Amino acid sequence: MCGIIGIVAKSNVNQDLYDGLTVLQHRGQDAAGIVTYDDKRLHLRKGNGLVKDVFSTNDMLRLQGNMGIGHVRYPTAGSSSSAEAQPLYVNSPYGIALAHNGNLTNANELKEEIYNQDLRHLNTDSDSEVLLNVFAHEIQTSHKLRVNEEDVFKAISAVHKRCRGAYASVVMITGYGIVGFRDPNGIRPVVYGKRETAAGTEYCIASESVSLDVQGFELINDIRPGEAVIITAEGQVYTRQCADNPQYSPCIFEHVYFARPDSIMDNISVYKARLRMGEKLAKKILKTYPEHDIDVVMPIPDTSRSSALELANSLGVRYREGFIKNRYIGRTFIMPGQKQRKSSVKQKLNAMELEFKGRNVLLVDDSIVRGTTSSQIVKMAREAGAKKVYFASASPAVKYPNVYGIDMPSPQEFVAHERSLEEIAQEIGADWLIYQDLEDLIQSCHRGNKNITHFDCSVFNGQYVTGDIDQNYLNDINQRRNDNAMQNNLERENEILDIHNTK
């Protein structure tokens with residue numbers, strides 16, 4: 001999962017890009033990058049780490065220019081190579097930089113096409129570099145010294161025909177402007193907005209509306225599935241549908257886990273959707289356990305707070321904050337290796353004994369993936385004095401891999417893999433466990449935008465909206481994503497560093 005941003009302004013955009021990426025930091029904590037355009041030159045800085053760590057004062061001073069794009073990411077398939085930090089750049093034609101959120105499901109086929117037919121070179125294993133080179137090749141077919149909007153729209157139409165999977169992207173074309181575009185299914189989110197200044201109108205494209213809000217941009221709209229938005233360096237705006245058969249199928253896991261609650265995605269309030277998830281889950285608890293003895297409802301910070309609060313209100317049970325979070329620890333389900341994940345939980349959360357002691361506690365989380373974190377938290381609740389510990393997930397059981405940009409583990413590592421509800425509860429140590437029903441989750445999000453008739457729910461039901469995922473593909477990503485492969489990659493990188501440091 002990644003966060004993207006692009007800004008065309010009337011003055012330097014370096015600070016706005018930095019601030020926008022900081023707001024999107026929840027979407028990626030492994031690497032960050034910014035590229036700006038000024039006086040016929042591109043200025044690029046990227047590297048591993050949080051936004052605040054990647055950019056020094058000197059870096060910011062060098063990032064001059066009135067337009068630029070930025071990116072934050074978390075590691076995929078166990079690799080943290082800084083070579084794959086974005087934005088990525090190709091010099092032909094024009095000089096093009098790209099930031100991408102998502103995953104191309106036909107990347108391997110495209111790599112062969114790029115080498116054998118397009119006669120272009122790839123320097124990393126990143127599918128984002130594949131997307132960049134496909135776009136660059138298609139726009140090069142115009143054979144013009146200067147590009148215009150018709151050339152750009154034609155190139156993006158060709159990208160849609162060649163590329164499959166999920167891609168919400170911003171592209172900066174040197175001297176021309178910034179382009180935002182989204183795959184024909186609209187799987188990953190991207191919005192755009194404007195703000196009025198004394199010097200004129202400025203524009204921003206970003207993964208989430210909150211990145212616009214904090215910088216004073218007014219939300220214009222989501223970039224619709226298959227649509228492209230061009231913002232020229234002079235501030236002209238062009239939009240066009242570039243896909244033949246677009247279908248709104250946004251990823252529902254964005255509303256469950258990834259997005260900030262203060263964001264609006266596809267005209268759906270993430271906060272209100274999560275409130276409705278809590279309301280639906282409370283109804284299921286009352287139906288399943290009408291004589292429940294829950295004394296207190298507690299969220300597992302932070303994403304589940306909205307759902308837990310509404311669940312408690314609907315049950316008529318006290319809501320309490322029993323866990324205090326250390327905000328300087330990364331998200332645990334993406335950490336490589338179970339040992340590292342287990343050790344991180346105690347660093348990340350601390351249980352307050354006075355809220356647990358002698359009580360029957362219902363813990364609420366947004367989802368359960370591996371179950372490692374859940375079992376550690378249940379154990380912490382018992383150690384803090386809870387009499388009984390119940391567990392509720394605001395989403396259904398995660399049983400299938402995500403192939404559209406969320407680097408989840410292999411299915412064998414999911415706690416719900418080939419286990420019954422009772423076996424999962426036993427595995428995490430809960431007295432009982434309850435999951436949200438998929439239909440209730442869909443309704444929770446659908447009420448926000450009736451025009452969306454379909455969500456990508458593949459992690460819950462194994463139905464992939466692009467229609468091109470077979471068992472061979474799943475076996476391949478399973479091999480690349482299992483913890484052993486991830487740990488081996490990290491060990492190899494450490495060995496390389498050790499060798500380098502001894503020279």
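Is the crossing of H9 and H15 right-handed or left-handed? The legends below start with that view, and the model behind them is a predicted one.

**View A. Helix H9 packed against helix H15.** The crossing of these two, H9 and H15, turns out to be right-handed. Their axes sit 8 Å apart and make an angle of about 145°. H15 covers residues 438-446. On the H9 side, the contact uses Ala-273, Arg-276, Met-277 and Lys-280. H15 answers with Asp-440, Leu-441, Gln-443, Ser-444 and Cys-445. Sort the residues of this H9 and H15 contact by character and you get four nonpolar, two polar and three charged.

**View B. Phe-253 and Tyr-257, an aromatic pair in helix H8.** The model has eleven aromatic pairs. One of them joins Phe-253 and Tyr-257, with 5.9 Å from centre to centre and 35° between the planes, which makes the pair tilted. Both residues belong to H8 (residues 253-258), and because they are four residues apart there, about one helical turn separates them. Phe-253 has just 1% relative accessibility, so it counts as buried. Tyr-257 comes in at 9%, so it is buried too.

**View C. Tyr-289 stacked on Trp-432.** Here the ring centres of Tyr-289 and Trp-432 are 4.0 Å apart and the planes are at 15°, so this pair is stacked. Tyr-289 sits in the loop between helix H9 (270-288) and strand S16 (296-299), while Trp-432 is in strand S22 (residues 432-435), so the pair ties together parts 143 residues apart in sequence. How buried or exposed is each partner? Tyr-289 is partly exposed, with a relative accessible area of 25%. Trp-432 is buried, at 12%.

**View D. A cluster of rings that takes in Phe-253 and Tyr-257.** Pull back from View B and the ring pairs link up: Phe-253, Tyr-257, Phe-258 and Phe-460 form a cluster.

**View E. Helix H13 and the glycine just after it.** H13 runs over residues 372-383, twelve residues in total. From its first C-alpha to its last, H13 reaches 17 Å, close to the 16 Å expected at 1.5 Å a residue. Which residues of H13 are buried? They are Thr-372, Ser-374, Ser-375, Gln-376, Ile-377, Val-378, Met-380 and Ala-381. Just after H13 comes Gly-385, which takes a positive phi of about 110°.

Definitions and conventions
Residues numbered from 1 in each chain as written. Predicted model: local features only at pLDDT ≥ 70, side-chain atom pairs only at ≥ 80, totals over all residues. Heavy atoms only, no water. Expected span 1.5 Å × (residues − 1). Buried < 20%, exposed > 50% of the residue type's maximum accessible area, 1.4 Å probe, protein only. Phe/Tyr/Trp six-rings, centres within 6.5 Å; stacked < 30°, edge-to-face > 60°. Axes fitted to C-alpha atoms, helices over the stretch in contact; angles between N-to-C directions. Left-handed = near helix turned anticlockwise from the far one by under 90°. Contact = heavy atoms within 4.5 Å. Nonpolar A, V, L, I, M, F, W, Y, C, P; charged D, E, K, R; others polar.
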